[in-house]
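Here are some short exercises to work through with the model open beside you. Try each task before reading its solution.

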Amino acid sequence: MSNIVIRPASPADLDAITEIYADAVANGTASYELEPPSRTEMGTRFAALAAGGFPYLVAQKAGAVLGYAYAGAFRPRPAYRFIVEDSVYVAPDAKGQGVGLTLMQSLVAAVEAAGFRQIVAVIGDGRADSASVRLHEKLGFRHSGRLEGSGYKHGRWLDTVFMQLSLNGGASLPPDSDSLPERKFRKGELKN
């Protein structure tokens, strides 16, 4: 997609991010939230990810935010510190234009640069033909599990699909002491 800029998200992007996510919650099945969160709640979520040093990106073209993607902790326990979960959302009028792919390519690069070893995608409504499943497959994610009938939204049961991508040697190498997750652990930022 030409003229698209991928950059770190800022608090100034939160109105657009909130609007994009609200549409995904209200009209889609990627998120299992049933009510769109408020702008305040989205700000709290953004601040928590930023404080953790996790990448949070937006795609922008001609001044408009077309989508966003971020990585966050997969689970809170410190043994999980080398794995993140990704999320990507695209504005309704920007779907099918490569925005999600461009965002995810940049997110994968940022996660890899931080020293994480795995990215997990937890995909709501994980039908084989869903855009999110196809996007993750295109990026090299492999299928690693399915929870059948795990969500109920818009009058139907939905399967949740897990996909993952190994980075930086995955589980084949010991942890890198200079990686973001290991530095945070040594500082005591990851507990229990």
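**Exercise 1. Find which helices and strands supply at least two residues each to the lining of the largest pocket.**

Solution. In this predicted model, the elements that meet this mark are α1 (14-27), α2 (39-51), β3, β4, α3, β5 and α4. Next, look at the lining as a whole: it counts 49 residues, and Ala30, Ser87, Val88, Tyr89 and Ser132 lie nearest the centre of the pocket. Finally, the space inside comes to about 1400 Å³.

**Exercise 2. Work out where the buried residues of helix α4 (residues 131-138) sit around its axis.**

Solution. Start by listing them: Val133, Leu135 and His136 are buried in α4. Now look down the helix axis: these buried residues fall within an arc of 160°, so they line one face of α4. Then turn to the face pointing away from that side, where you will meet the exposed residues Ala131 and Lys138. As for packing partners, the buried residues of α4 rest against β4, α3, β5 (118-124), β6 (142-153) and β7 (156-166). One last stop is glycine 140, just after α4, which has a positive phi of about 95°.

**Exercise 3. Identify the residues that touch the most other members of the largest nonpolar core.**

Solution. The core has 47 residues, and the ones you are after are Ile17, Tyr68, Val99, Met104, Val111 and Phe141. Helix α3 (residues 99-114) is the biggest contributor to this core, giving seven residues. Take valine 111 as a close-up: leaving out residues up to four places away in sequence, valine 111 touches Pro55, Ala71, Val84, Phe116, Ile119 and Leu167. As background, nonpolar side chains in soluble globular proteins tend to be buried together.

**Exercise 4. Decide whether glutamine 60 is buried or exposed, and find its side-chain polar partner.**

Solution. First place glutamine 60: it belongs to strand β2 (residues 56-61). Its relative accessibility is 18%, and because buried means under 20%, glutamine 60 counts as buried. Setting aside residues up to four places away in sequence, glutamine 60 touches Asn3, Ile4, Val5, Arg7 and Val65. With arginine 7, the contact is a polar one between the two side chains, at 2.6 Å.

**Exercise 5. Classify arginine 81 as buried or exposed, and say what its side chain reaches.**

Solution. Arginine 81 is found in the loop between β3 (64-73) and β4 (83-90). With 17% relative accessibility, arginine 81 counts as buried. Its side chain reaches the backbone oxygen of proline 78 at 3.0 Å.

Technical notes:
Residues are numbered from 1 along each chain as its sequence is written. This is a predicted model: local features need pLDDT of at least 70, side-chain atom pairs count only at pLDDT 80 or more; totals for chains, interfaces and linings use all residues. Side-chain values use heavy atoms; hydrogens and water are left out. Helices (H or I, at least four residues) and strands (E, at least two) are DSSP runs, numbered from the N terminus. Buried means under 20% relative accessible area, exposed over 50%, partly exposed in between (1.4 Å probe, protein chains only). A polar contact is a pair of N or O atoms within 3.5 Å; within protein, one must be able to donate a hydrogen and the other to accept it, and residues adjacent in sequence count only if both atoms are side-chain atoms. A nonpolar core is a set of buried Ala, Val, Leu, Ile, Met, Phe, Trp, Tyr and Cys residues joined through side-chain atoms within 4.5 Å. Contact means heavy atoms within 4.5 Å. The arc is that of the directions from the helix axis to the C-beta atoms. On a 1 Å grid over the protein atoms alone, a cavity is a set of points where a 1.4 Å probe fits but cannot get out, and a pocket is an open set with protein on both sides within 12 Å along at least five of seven lines; lining residues have an atom within 4 Å of a point. Grid points are joined across faces, edges and corners, and a volume is the space filled by probe spheres set on the points.
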